[in-house]
Amino acid sequence: MSKVRHEIEAKYRQLQQRLLARHGETARYEAGDENFGAEYARLLQAADELLAFEKTIPAKLAEPERQLSERIVRISWLGQTAVALVLIVFTFALGHSAWWLVVLVPHCIATLSLSFQKVTDKNHRFYRHLTIGLHLECLLVALITLSVISLWFVILAIIGWLVLAVTVSEGPGDAVKKGQSR
């Protein structure tokens, strides 16, 4: 059992036991007794604590995977920024035209700016999968820049950038809502 799951279960059992103890204390008094009101308020407070904790369980369980996704996303996007910078250097080293900067500079700026994208427990898988598209886009840009494939593939690279930009701007929630409304 994972450490996080173990900690959650221990805290949950503790809150359940506290609620049970409060229930036992409250049951000792009759409804008209002067101590009943105070004990009943403590019982309700213990129940509220348990319910509030239950609401946090999904986020706490997803936290280790969210942290992994955050590292994957950040490293991927920063890595692609580094690749873009290397390609800019290669452009000059290989004697290519400065027009290649029209392709490479926006790619570099976009990957750098998106490397600090907020990764939450609800959207972490979305951004982790989005990095696959980013790697494909970067591979395409690298192959075009190094003249391995035809310059006509720039059109495909631009389409890829647009798809990535729209996907990032919509986010995971909007894509899911559109899919459900069909």
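Ala142 sits in helix α4. The model we are looking at is a predicted one. Is Ala142 buried or exposed? Its relative accessible area is 15%, and the cut-off for buried is under 20%, so Ala142 counts as buried. One pair is worth pointing out here. Val86 is 56 residues away from Ala142 in sequence, yet the two C-alpha atoms are 9.7 Å apart in space.

Next, the nonpolar cores. The largest nonpolar core has 13 residues. Which residues have the most contacts inside it? They are Leu87, Leu104, Val141, Ile144 and Ala157. Four helices each supply at least two residues of this core: α2, which runs over 36-93, together with α3, α4 and α5. The largest share comes from α4, with four residues. There is also a second, separate core of nine residues, and Val73, Trp77, Leu130 and Val168 are among them. As background, nonpolar side chains tend to be buried together in soluble globular proteins.

Let me take Val141 as an example from the largest core. What does Val141 contact once its neighbours within four places in sequence are set aside? The list is Leu87, Val103, Leu104, His107, Ala157 and Trp161.

His107 is on that list, and we can look from the other side. His107 is found in helix α3. Its relative accessible area is 2%, so His107 is buried. Not counting residues up to four places away in sequence, His107 touches Gln80, Ala84, Glu137, Cys138, Val141 and Trp161.

His107 also brings us to the largest pocket, because its name appears in the lining. The volume of the largest pocket is about 180 Å³. Its lining is made up of Trp77, His107, Ala110, Thr111, Leu114, Leu134, Glu137, Ile158, Trp161, Leu162, Leu164 and Ala165. Which elements give two or more residues to that lining? They are α3 (101-114), α4 (124-145) and α5 (154-181). The largest share, five residues, is from α5. By type, the lining divides into nine nonpolar residues, two polar and one charged. Two of the lining residues, Glu137 and Trp161, are also among the residues that His107 touches. Trp77, another lining residue, belongs to the second core.

Now the cysteines. How many disulfides does the model have? The count comes to zero. Cys108 is in no disulfide, and the nearest cysteine sulfur to it, that of Cys138, is 10 Å away. Why is there no bond for Cys138? The closest cysteine sulfur is the one in Cys108, and 10 Å is too far for a bond, given that a disulfide needs sulfur atoms within 2.5 Å. Cys108 has a relative accessibility of 11%, so it counts as buried. Cys138 has a relative accessibility of 4%, so Cys138 counts as buried too. Cys138 is one of the residues in the contact list of His107.

The last stop is Ser147. Where is Ser147? It lies in the loop between α4 and α5. Its phi is near 60°, which is a positive value in a residue other than glycine. At 45% relative accessibility, Ser147 is partly exposed, because the value falls between the 20% cut-off for buried and the 50% cut-off for exposed.

To go back to the start: Ala142 is in α4, the helix with the largest share of the largest core, and Ser147 is in the loop between that helix and α5.

Note on methods:
Residues are numbered from 1 along each chain as its sequence is written. This is a predicted model: local features need pLDDT of at least 70, side-chain atom pairs count only at pLDDT 80 or more; totals for chains, interfaces and linings use all residues. Side-chain values use heavy atoms; hydrogens and water are left out. On a 1 Å grid over the protein atoms alone, a cavity is a set of points where a 1.4 Å probe fits but cannot get out, and a pocket is an open set with protein on both sides within 12 Å along at least five of seven lines; lining residues have an atom within 4 Å of a point. Grid points are joined across faces, edges and corners, and a volume is the space filled by probe spheres set on the points. Ala, Val, Leu, Ile, Met, Phe, Trp, Tyr, Cys and Pro count as nonpolar, Asp, Glu, Lys and Arg as charged, and the others, Gly among them, as polar. A nonpolar core is a set of buried Ala, Val, Leu, Ile, Met, Phe, Trp, Tyr and Cys residues joined through side-chain atoms within 4.5 Å. Buried means under 20% relative accessible area, exposed over 50%, partly exposed in between (1.4 Å probe, protein chains only). Contact means heavy atoms within 4.5 Å.
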